[in-house]
Amino acid sequence: MARPRIKDVARHAGVSEKTVSNVINDYAHVSDRTRRVVREAIEQLGYRVNLAGRHLRKGRTGIIALVVPELDVPYFAELARHVIREAEQRSLTVLIHQSGADRAHELAALAGFGSTFVDGIILSPLALTADDLRDRAGAPPTVLLGELLEEGADHVAIDNERAAREATAHLIGLGHRTVLAVGGRDDAGLGTAQARTRGYRAALEEAGIAFDPAALLPVGSFRMPDGAEAVARALASGARPDALLCLNDQLALGALRALHEHGVRVPEDVAVIGFDDVEGGRYSVPTLSTVAPDKAAVAKVAVQLLQHRIEEATGPDGAGESAESGVLSPQDRIVAHRLVLRESTEGRLPR
């Protein structure tokens, strides 16, 4: 049986092909009755929109790329799910690429993978420099995630410094004075770890607590084994913290394991708080207090910005020229976060 076409839907609904097209494209100036009749005809005939043809007519592929350092890190996996959901609502397909935090891979992504099969890129860079980001001539539209911000590029993130300051201040407010930062960095870099360390130090200063460089527990990567190893190493060296600020939930979950193995009770002896609000922290024992970025909002804002840039580059109807009206200046969007308090800092909370 031949695949139904727009003219078949129009004939079945008793309207013009233009009207069917208007309904498919969700144009506003269509009556509710006509919209309902056309949608019923589409459903009855099993008509499916040829998205590939639509995008190609506009000079686009309908494919965007999401480039993250590691796919098996829960934060990036959860973020990818939100990006895919948001893109689907805009008839876009998402290609997911793992960079491994490798500069060559991130440069290839920034250049559009040497091809024209992606219309735009959402990139979470760890290895790129500011100079890399400035030299984007001929690159597809790009939205950056995280801390690496370059003037002239769209950027979406939470306020990591403020979030870490709030989390540390909460621990101090509970009476904890010896707060170690698992994954803390003492260099002047522009990454997420550095921003969170600055927030940690600011909270100590505000509380009149002297900063001890030994309170920063370095890690090789931000995974559970690294958190466990860092905390075990600190305890073995004689450290006696009463709280841990872990710079992501994976480190915090590893820290919980190391504390348990050393007979340290959480939160009675040591309170623990993480970052990212990944699913595993809601089921750990004890459940994990954390800083929760609005991942759905990060995805929504990033996809919205990218779609706008794609339309600027190709024209809203694929004319190949940017529209003169509605051109956005480079956007630096800060998305909300909140402190989620659970058993690892508060003890047994009411369900």
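# Salt bridges and sheets in a predicted model

Colleague: Arginine 223 forms a salt bridge with glutamate 70. How far apart are the closest N and O atoms?

Modeller: This is a predicted model, so the distance is a computed one. The pair is arginine 223 and glutamate 70. A salt bridge needs a side-chain nitrogen of Lys or Arg within 4 Å of a carboxyl oxygen of Asp or Glu. Here the closest N and O atoms are apart by 3.0 Å.

Colleague: How many residues apart in sequence are the parts that this pair ties together?

Modeller: Arginine 223 lies in the loop between S7 and helix H10 (224-236). Glutamate 70 lies in the loop between S1 and H5. The pair therefore ties together parts whose separation in sequence is 153 residues.

Colleague: Is glutamate 70 buried, exposed or partly exposed?

Modeller: Buried means under 20% relative accessible area, and exposed means over 50%. Glutamate 70 has a relative accessible area of 29%. Its partner arginine 223 stands at 25% and counts as partly exposed. Glutamate 70, too, is partly exposed.

Colleague: Which residues are linked with Arg223 in a network of salt bridges?

Modeller: One partner is already known: arginine 223 forms a salt bridge with glutamate 70. The network also takes in an aspartate. The residues linked with Arg223 are Glu70 and Asp72.

Colleague: How many salt bridges does a search of the whole structure find?

Modeller: Arginine 223 with glutamate 70 is one of them. Another joins arginine 265 to aspartate 269, with the closest N and O atoms 2.9 Å apart. Aspartate 269 is partly exposed, at a relative accessible area of 30%. The whole structure gives a count of 17.

Colleague: Arginine 196 forms a salt bridge with aspartate 276. Are both residues buried or exposed?

Modeller: The closest N and O atoms of this pair are 3.7 Å apart. Arginine 196 lies in helix H9 and aspartate 276 in the loop between strand S9 (271-275) and strand S10 (289-293), so the pair ties together parts 80 residues apart in sequence. Both residues are buried.

Colleague: Now the sheets. Which are the edge strands of the open sheet with parallel pairing?

Modeller: This sheet has six strands, in the order S2-S1-S3-S4-S5-S11. Its neighbouring strands are turned by 20 degrees against each other on average, direction ignored. An edge strand pairs on one side only. The edge strands are S2 (93-98) and S11 (332-335).

Colleague: Which residue in S5 stands opposite leucine 144?

Modeller: Strand S4 covers residues 142-145, and strand S5 covers residues 154-158. The two run parallel and are joined by three bridges. Opposite leucine 144 stands histidine 155.

Colleague: At about what angle does helix H5 run to S2?

Modeller: Helix H5 covers residues 74-88. H5 lies across strand S1 (63-68), S2, strand S3 (120-123) and S4. Its angle to S2 is about 160 degrees.

Colleague: What is the strand order in the open sheet with mixed pairing?

Modeller: This sheet also has six strands. S7 and strand S12 (337-340) each have a single partner strand, so they stand at the edges. The order is S7-S6-S8-S9-S10-S12.

Colleague: In strand S6, which residues point the other way from Val179 and Ala181?

Modeller: In a regular strand the side chains alternate between the two faces of the sheet. S6 covers residues 179-182, with Val179 and Ala181 pointing one way. The residues named for both directions are buried. Pointing the other way are Leu180 and Val182.

Colleague: What is the bridge partner of alanine 181 in S7?

Modeller: S6 and strand S7 (residues 216-217) pair in the parallel sense over two bridges. In S7, the partner of alanine 181 is leucine 216.

Colleague: Through which helix does the chain cross from S6 to S7?

Modeller: The link is a β-α-β crossover, and it is right-handed. Its helix covers residues 192-206. The helix is H9.

Colleague: Which residue in S8 stands opposite leucine 180?

Modeller: S6 pairs with strand S8 (residues 243-246) in the parallel sense, over four bridges. Opposite leucine 180 stands leucine 244.

Conventions: Residues are numbered from 1 along each chain as its sequence is written. This is a predicted model: local features need pLDDT of at least 70, side-chain atom pairs count only at pLDDT 80 or more; totals for chains, interfaces and linings use all residues. Side-chain values use heavy atoms; hydrogens and water are left out. Two strands pair if DSSP finds at least two bridges between them. Axes are lines fitted to C-alpha atoms, for helices over the stretch in contact, and angles run from 0 to 180 degrees between N-to-C directions. Contact means heavy atoms within 4.5 Å. Buried means under 20% relative accessible area, exposed over 50%, partly exposed in between (1.4 Å probe, protein chains only). A crossover is right-handed if, with the strands pointing away from the viewer, the path from the first strand over the helix to the second runs clockwise.
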